[in-house]
Amino acid sequence: MSGGGEAWPALLPEALLLLGAVGGLLLGLWTPQQRQWRVRLLVTAACLASAVAAAIALPEPAERVFEGTWVVDTTTGVVRLVVALGVAVLVWLAAPSVAGHPRETEAYVLMLLGALGTIGLAASGDLLLLVAAYLLASVPLYALAGFAKDSAGTEATMKYYLMGAFVGVLLLVGVAALVLASGTTGYLELADLLPEASPALLALGVLGVLAGVAFKAGAVPVHFWVPDVTAGTTPPMAAYITTIPKIGAVAAAFRLVAEPFADLPLDVPLLVAVIATASMTLGNLAAFAQTDVLRLLAYSTVSQVGYLFMVVAVAARTDLAVPALAVYLAGYAVTNIGAFAAVAAAPAARTITDWATAVGRHRWIVVSLVVCLLGLVGTPPTAVFVGKLAVFTAAWDGALAWLVVVAAINTVASLFYYLRWIAPGFAGVPATPGGAEAATGSGARTAAGTAQRTEPVPVGVLHGAAVVSVLLGLGAGSWLAFALPS
């Protein structure tokens with residue numbers, strides 16, 4: 001463990017993001033409204049610098065700094081790298097929708113602060129730091145959800161905030177219960193003291209803390225905000241909210257199960273496996289009937305949490321868990337951002353029919369969407385396929401064979417609703433009779449029956465995500481060897 005001045009170099013990636021946020025805010029105050037792109041460049045540079053620093057530190061031995069409250073290891077390193085690169089891309093994905101906005105600078109700064117909170121979730125080695133990271137990964141996102149200041153965005157923000165506040169109370173109750181049971185908040189001390197603590201306090205503490213990280217991940221049963229917030233905000237902000245905090249939350253759950261909850265008299269892995277089963281199953285079932293592309297992707301992200309929580313369930317049971325988590329987090333981030341970029345490419349098209357009509361003359365957009373959607377299914381040779389294969393292997397090795405069977409069935413089932421979007425995109429005709437979607441897609445953001453101009457930046461992000469997803473899948477062995485040296 002390290003403390004004081006010796007610890008600060010270990011936090012260089014986070015320091016660069018913080019400097020980017022503060023510097024971007026100051027630069028925005030002194031920059032004319034029509035030149036706010038300068039802030040975008042500064043924020044992007046901060047993210048890329050943070051990613052470089054994270055990549056350099058990734059192969060280094062694990063360490064705990066600031067009296068063990070902040071953990072720097074492979075899990076933290078992967079989250080640092082994925083989050084920094086993801087935010088850099090998402091800043092440009094959001095640029096067309098926030099450019100010229102009176103609060104354009106604040107949007108970029110909030111995205112960086114949310115990224116800091118996300119990394120804090122993954123690096124937390126102390127319950128109090130986990131609570132602080134939860135707040136930092138939540139409050140900026142409430143503002144981002146309603147950034148457009150329309151009625152849908154306002155409703156999304158209220159639902160997101162109220163649900164977040166409620167679950168935040170559960171998290172605090174859980175932390176209080178664990179402190180009462182052990183007298184400490186550090187993960188290593190909790191791992192030693194909790195096995196002898198009161199079972200009632202343990203049950204309350206575990207449920208409360210897991211509820212907090214499950215909310216940030218969008219897992220069942222605290223997932224109700226996901227479809228409404230995703231459909232109520234703009235596609236770039238939806239991409240951010242369903243991608244960035246989820247990465248940190250899954251890593252936080254992984255660390256909790258691997259360390260303080262590893263040897264409890266309660267069957268925490270079974271509880272997490274049940275959450276995983278419910279998330280992947282209910283997410284898929286709810287997505288079947290969706291014709292709104294944002295709501296479809298929202299339920300898709302809920303189902304993806306189920307697959308991610310599979311590896312959380314076996315975090316303390318197998319050495320395969322860490323590499324499985326690393327490859328799935330990276331693959332999910334790239335693929336999910338790409339899918340939302342496809343929606344942002346035709347922002348006025350909200351239903352499957354509208355979207356197919358809007359991009360009817362741009363076949364390469366459809367091709368890249370196919371790569372991303374089939375990537376979310378887990379089709380080779382995409383990164384998510386490698387991630388799912390690794391997660392299934394880890395779960396099997398961790399004595400959860402029944403969970404692998406459930407996940408395999410859900411994987412096949414998920415192909416149905418993705419194909420409902422892919423087929424009309426290729427055919428260029430409505431997936432269902434126009435009247436069936438009219439009610440869902442009515443409003444200012446719908447353009448049924450009319451060809452829409454596609455946005456070049458989201459199109460570029462979509463194509464880039466499709467290419468990177470395939471490259472990560474093909475080269476998974478090489479970059480995992482770098483990230484996880486023997």
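Start the tour at the second largest pocket, which has a volume of about 330 Å³. Bear in mind as you go that this is a predicted model.

**Stop 1: the second largest pocket**

Select Ser-97, Thr-234, Pro-235, Pro-236 and Pro-347; of the 21 lining residues, these are the closest to the centre of the pocket. Now colour helix H3 (74-98) and helix H11, the elements that give two or more residues to this lining. H3 supplies the largest share, with four residues. If you colour by class, you will find 14 nonpolar, four polar and three charged residues around the second largest pocket.

**Stop 2: along H11 to H4**

Keep H11 (residues 235-258) on screen and add helix H4 (residues 104-123). The axes of these two helices come within 6 Å and cross at roughly 20 degrees. Because angles under 35 degrees count as roughly parallel, H4 is described as roughly parallel to H11. Turn the view to look through the pair, and you can check that the crossing of H4 and H11 is left-handed.

To see who touches whom, show side chains on both helices:

- On H4, pick Ala-107, Leu-110, Met-111, Gly-114, Ala-115, Thr-118, Leu-121, Ala-122 and Ala-123.
- On H11, pick Met-237, Tyr-240, Ile-244, Pro-245, Gly-248, Ala-249, Ala-251, Ala-252 and Arg-255.

By class, this contact of H4 with H11 holds 14 nonpolar, three polar and one charged residues.

**Stop 3: the cavity between selections on H3 and H14**

How many cavities of 30 Å³ or more does a search of the whole structure find? There is one, and the space in this largest cavity is about 30 Å³. Select Thr-74, Thr-75, Val-78, Val-322, Leu-325, Ala-326 and Leu-329 to display its lining. You have already coloured H3 at the pocket, where it gives four residues to the lining; here H3 and helix H14 (321-345) are the elements that give two or more residues to the cavity lining. This time the largest share, four residues, comes from H14. The lining of the largest cavity has five nonpolar and two polar residues, with no charged ones.

**Stop 4: from H14 to H13**

Stay with H14 and bring up helix H13 (residues 293-313). Their axes are 11 Å apart, and the two helices pack at an angle of about 175 degrees. Angles over 145 degrees count as roughly antiparallel, so H13 is roughly antiparallel to H14.

The contact residues to show are these:

- From H13: Val-293, Leu-294, Leu-297, Thr-301, Gln-304, Tyr-307, Leu-308 and Val-311.
- From H14: Ala-321, Ala-324, Leu-325, Tyr-328, Leu-329, Tyr-332, Asn-336, Ala-339, Phe-340 and Val-343.

Leu-325 and Leu-329 may look familiar, since both appear in the cavity lining and in this helix contact. The residues of the contact divide into 15 nonpolar and three polar, with no charged.

**Stop 5: H1 and H2**

Next, jump to helix H1 (residues 12-29) and helix H2 (residues 37-57). Here the axes come within 8 Å and cross at roughly 175 degrees, which means H1 is roughly antiparallel to H2.

- The H1 side of the contact is Leu-12, Pro-13, Leu-16, Leu-17, Gly-20, Gly-23, Gly-24, Leu-27 and Gly-28.
- The H2 side is Arg-38, Val-39, Leu-42, Val-43, Ala-46, Cys-47, Ala-49, Ser-50, Ala-53 and Ala-54.

Between H1 and H2, the contact residues are 13 nonpolar, five polar and one charged.

**Stop 6: backbone details in the loops**

Switch to sticks and zoom in on Val-220 and Pro-221: the peptide bond from one to the other is cis, with omega near 10 degrees. Pro-221 sits in the loop between helix H9 (199-217) and helix H10 (225-232).

Then move to Pro-380 and Pro-381, where the joining peptide bond is also cis, with omega near 5 degrees. You will find Pro-381 in the loop between helix H16 (363-377) and helix H17 (383-397).

Finish at Phe-66, in the loop between strand S1 (63-65) and strand S2 (70-72). What is there to look at in its backbone? The phi of Phe-66 is near 55 degrees, a positive value in a residue other than glycine.

Conventions
Residues are numbered from 1 along each chain as its sequence is written. This is a predicted model: local features need pLDDT of at least 70, side-chain atom pairs count only at pLDDT 80 or more; totals for chains, interfaces and linings use all residues. Side-chain values use heavy atoms; hydrogens and water are left out. Axes are lines fitted to C-alpha atoms, for helices over the stretch in contact, and angles run from 0 to 180 degrees between N-to-C directions. Angles under 35 degrees count as roughly parallel, over 145 as roughly antiparallel, 65 to 115 as roughly perpendicular and the rest as oblique. A crossing is left-handed if the near helix is turned anticlockwise from the far one by less than a right angle, and right-handed if clockwise. Contact means heavy atoms within 4.5 Å. Ala, Val, Leu, Ile, Met, Phe, Trp, Tyr, Cys and Pro count as nonpolar, Asp, Glu, Lys and Arg as charged, and the others, Gly among them, as polar. On a 1 Å grid over the protein atoms alone, a cavity is a set of points where a 1.4 Å probe fits but cannot get out, and a pocket is an open set with protein on both sides within 12 Å along at least five of seven lines; lining residues have an atom within 4 Å of a point. Grid points are joined across faces, edges and corners, and a volume is the space filled by probe spheres set on the points.
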